[in-house]
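Me: I have a fold open on my screen and would like some help reading it. Could you walk me through it?

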Amino acid sequence: MELHKKVIRGGIYITMDANIGDIKNGAVLLEGNIIKEISHSEHAFDHHQDAEFIDAHGAIVMPGMVDAHRHNWMSLFRGVSTEESLPAFLINTFYAFGGVFTASNMYAAVLSGNINAINAGTTTVYEINDCVNTPDHAFNAIQGMKDSGIRGIYAYGMQVYNFEPSGFKSQEDRLDMARHLSCTQFNRQDRLGMGMLISDLGTVPFAHSAQQIRLTDELGIKCVSHTGAAKTSILLRGLRELDDHGLLRPGHLHAHSNGLTGEDWKLIAQTGGYVVSTPSSELQMGMGFLPYRACVEHDIPFGLGTDLTGVTTDDLFTQMNIALQIERALANDQIHQRDSMPFEITPTVRDALYWATMGGAKVMGLADEIGSLSVGKKADLIIIRHREGFVPMMNYAGGVVQMTHSNDVDTVIADGVIRKRHGKLCGYDLAKVEMLAQSAFDSLAKKSKSFNTLAASDIEKFFRLAERKASYHFAQAYSKEYFDRTLN
């Protein structure tokens, strides 16, 4: 049985709290799921004899990381999309697997995916759960989150797949289910909240998009969308149309956003929106470069996510590393074009750490609860012990961003509960989790043999037709009455 109090002593503390800064050989007192006190003295809390003492000497202590965009329902498709563009992924993987994905698959995927997140030092996730084929899909996804011990937001997805038998007859049925989940599944649930992943913009009639967003307002839940992910395409856009109807709301989290224009960025900034980027998938799938610079220019909160294991590893160390080096390369290239060399490298490793901690917390609307080691915040933190190189790090923040892997995460405390200790997950029936995941994987792998994989030429035809449908749907935002009302 875990003790109510925990004291972490020694080590280097990267608090991500601007008022505290870094601490060498300090101590942190946890009571239940709250950070009770922080001290610059490692022996400050030695008198708490009723506490469990955790030795962090020679290690780095920092906030648990925040993955602000993660499709754990796709955690079983590891490596399947490593050579797919976005259009190819959508047709050959996303819709194909979504059409055969069962509720039992969902529980195994979300449970194992979130345990993987915890193993890699992530204590909070935005669960982007597109695949709600039936009510049981939703219940099982939420239960998987609860059983994993993760903190996060469950984003109920409005995507429709060709799944038989369908669990919903209409959009109204899906919206009613969202109302039911909001009322029954998250009451007094401190670790978990609810959001909605609205249908991909342009893929459904404009009235459907409007109805979904208005329901998020009605229920007081988070709203997230895949926005501007198709570079050069009208698909996944429509921000002007939404804004013209007052449908861009504060806190709306726009995922990817690589293809947005200047007007789009102004709209997100003016309406209090946020942005999350998933570097690996965006760079590979042809979505475009990261939207970080536009976010800085328009003062839009920015966080990081892992997206899906179909493309890359599901740890935020990888995403921080890739994002930082890409942004540095772009900044350096601007200087090179002036026939000079950079004499200062930006962004910094501290910037990257912010994206994966406080940045993620802010875009999830949780900055008052997590993202830094601060008194009164939730007890979500990790201890990192680097096991390679024979010597400690000289630059601790740089070592975390540039040289850390999941197996360097020694200890994970999520909501005050130790979920990983001495490099090993604890508190789980890992044999059962592995059995569930493997069984689901085997079932999906068998079904995938019957998939009709489209060639590039056919994918392009499908994509161009989808663009035309998006034009039609966005045009539905306007009518003669709209212009008469606006002009008068």
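Here is how the talk went.

Reply: Sure, and a word on ground rules. This is a predicted model, where local features need pLDDT of at least 70, side-chain atom pairs count only at pLDDT 80 or more, and totals for chains, interfaces and linings use all residues. Residues are numbered from 1 along each chain as its sequence is written, and side-chain values use heavy atoms, with hydrogens and water left out.

Me: How many helices and strands are there in the chain?

Reply: Helices (H or I, at least four residues) and strands (E, at least two) are DSSP runs, numbered from the N terminus. Here the chain has 15 helices and 19 strands.

Me: What is the order of the strands in the open sheet?

Reply: In general, strands of a sheet pair through backbone hydrogen bonds, either parallel or antiparallel. Two strands count as paired if DSSP finds at least two bridges between them. In this model eight strands form an open sheet, β8-β9-β10-β11-β12-β13-β14-β15, with parallel pairing. β8 (65-70) and β15 (302-304) are the edge strands, each pairing on one side only. As an example of a pair, β9 (residues 122-129) and β10 (residues 151-157) run parallel over six bridges, and Ile 128 has Ala 155 in β10 as its bridge partner.

Me: Which strands does helix α2 lie across?

Reply: Helix α2 (residues 103-119) lies across β8 and β9, at about 150° to β9. Axes are lines fitted to C-alpha atoms, for helices over the stretch in contact (heavy atoms within 4.5 Å), and angles run from 0 to 180 degrees between N-to-C directions.

Me: Which residues touch the most other members of the largest nonpolar core?

Reply: In soluble globular proteins, nonpolar side chains tend to be buried together. A nonpolar core is a set of buried Ala, Val, Leu, Ile, Met, Phe, Trp, Tyr and Cys residues joined through side-chain atoms within 4.5 Å; buried means under 20% relative accessible area, exposed over 50%, partly exposed in between (1.4 Å probe, protein chains only). The largest core has 104 residues, and Trp 73, Tyr 154, Tyr 156, Met 196, Met 320, Leu 353 and Val 400 touch the most other members. Its largest share, eight residues, comes from α2. Leaving aside neighbours within four places in sequence, Trp 73 has contacts including Met 106, Ala 109 and Ile 128.

Me: Is Ser 182 buried or exposed?

Reply: Ser 182 sits in helix α4 (residues 171-184). Its relative accessible area is 17%, so Ser 182 is buried.
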